[in-house]
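Please look over the sequence and the model below before reading on. The paragraphs that follow take up surface exposure, the nonpolar core and the pairing of strands.

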Amino acid sequence: AKNGNNGVNGDLSSDRTQVTVALNELPACTSPTTGSLSVYIFQSVGRLVNIGTYSGSVACTGSPTDLPDITVTAIPGLTFPPGPATLLIRYTTTTTDVGATTTTQTHSDSGARLNLH
């Protein structure tokens with residue numbers, strides 16, 4: 001994530017059910033590898049933990065993937081107030097060797113403080 005000393009900024013939607021976050025590019029992967037991206041937001045408010053999720057596939061072109069802004073959606077019934085939260089990013093690549101009928105997965109996790117506004 002684009003990260004300074006004070007964390008990453010996230011833009012709240014007007015109804016506070018979605019947060020838009022800018023992410024850095026992902027490492028390169030090539031076919032037959034497939035990539036997927038999962039993004040989670042956790043925000044503690046009193047005794048409640050607000051949670052938002054995003055998941056999508058990533059094209060494996062052999063070049064680093066430049067990501068557009070990601071929109072993370074709150075679990076139905078939850079909303080995010082302005083303030084601090086935690087951002088967790090999981091990038092997974094899956095390689096299938098058809099001849100050997102094996103599949104290998106690699107996970108890369110990162111996180112940051114998220115400032116919702």
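A residue is called buried when its relative accessible area is under 20% and exposed when that area is over 50%, with partly exposed covering the range in between. By this definition Phe42, at 33% relative accessibility, counts as partly exposed, and Tyr40, with a relative accessible area of 28%, is likewise partly exposed. The model is a predicted one, and a search through the whole of it finds one aromatic pair. That pair is formed by Tyr40 and Phe42, whose rings are stacked, with 6.3 Å from centre to centre and 20 degrees between the planes.

From these rings one can turn to the interior, where the largest nonpolar core has 25 residues, and where Val19, Leu23, Leu37, Ile41 and Leu114 are those with the most contacts inside it. At least two residues of this core are supplied by each of strand 1 (8–12), strand 2 (18–21), strand 3 (34–45), strand 5 (70–74), strand 6 (83–97) and strand 7 (102–116), and the largest share, four residues, comes from strand 6. Leu37 shows how such a residue is surrounded: leaving aside residues up to four places away in sequence, Leu37 touches Leu23, Leu26, Tyr54, Ser55, Gly56, Val58, Leu67, Ile70, Ile89, Arg90 and Tyr91.

Ile70, one of the residues that Leu37 touches, also belongs to the alternating pattern of strand 5, in which Ile70, Val72 and Ala74 point to one face and are buried, whereas Thr71 and Thr73 point to the other face and are not buried. In a regular strand, side chains alternate in this way between the two faces of the sheet. Strand 5 pairs with strand 2 in the antiparallel sense over four bridges, and it is joined to strand 4 by two bridges, again with the strands running antiparallel. Thr73 takes part in both contexts, since Thr73 is the bridge partner of Gln18 and Thr53 stands opposite Thr73 as well.

Strand 4 (residues 48–58) also contains Asn50, which counts as buried because its relative accessibility is 3%, below the 20% cut-off. What lies 2.9 Å from a polar atom of the Asn50 side chain? The atom in question is the backbone oxygen of Thr79. Not counting residues up to four places away in sequence, Asn50 touches Ile41, Phe42, Gln43, Val45, Leu78, Thr79, Phe80 and Pro81, a list that includes Phe42 of the aromatic pair and Ile41 of the nonpolar core.

Methods:
Residues numbered from 1 in each chain as written. Predicted model: local features only at pLDDT ≥ 70, side-chain atom pairs only at ≥ 80, totals over all residues. Heavy atoms only, no water. Phe/Tyr/Trp six-rings, centres within 6.5 Å; stacked < 30°, edge-to-face > 60°. Buried < 20%, exposed > 50% of the residue type's maximum accessible area, 1.4 Å probe, protein only. Core = buried A, V, L, I, M, F, W, Y, C linked by side-chain atoms within 4.5 Å. Contact = heavy atoms within 4.5 Å. Polar contact = N/O pair within 3.5 Å; in protein donor to acceptor, adjacent residues only side chain to side chain. Pairing = 2+ DSSP bridges.
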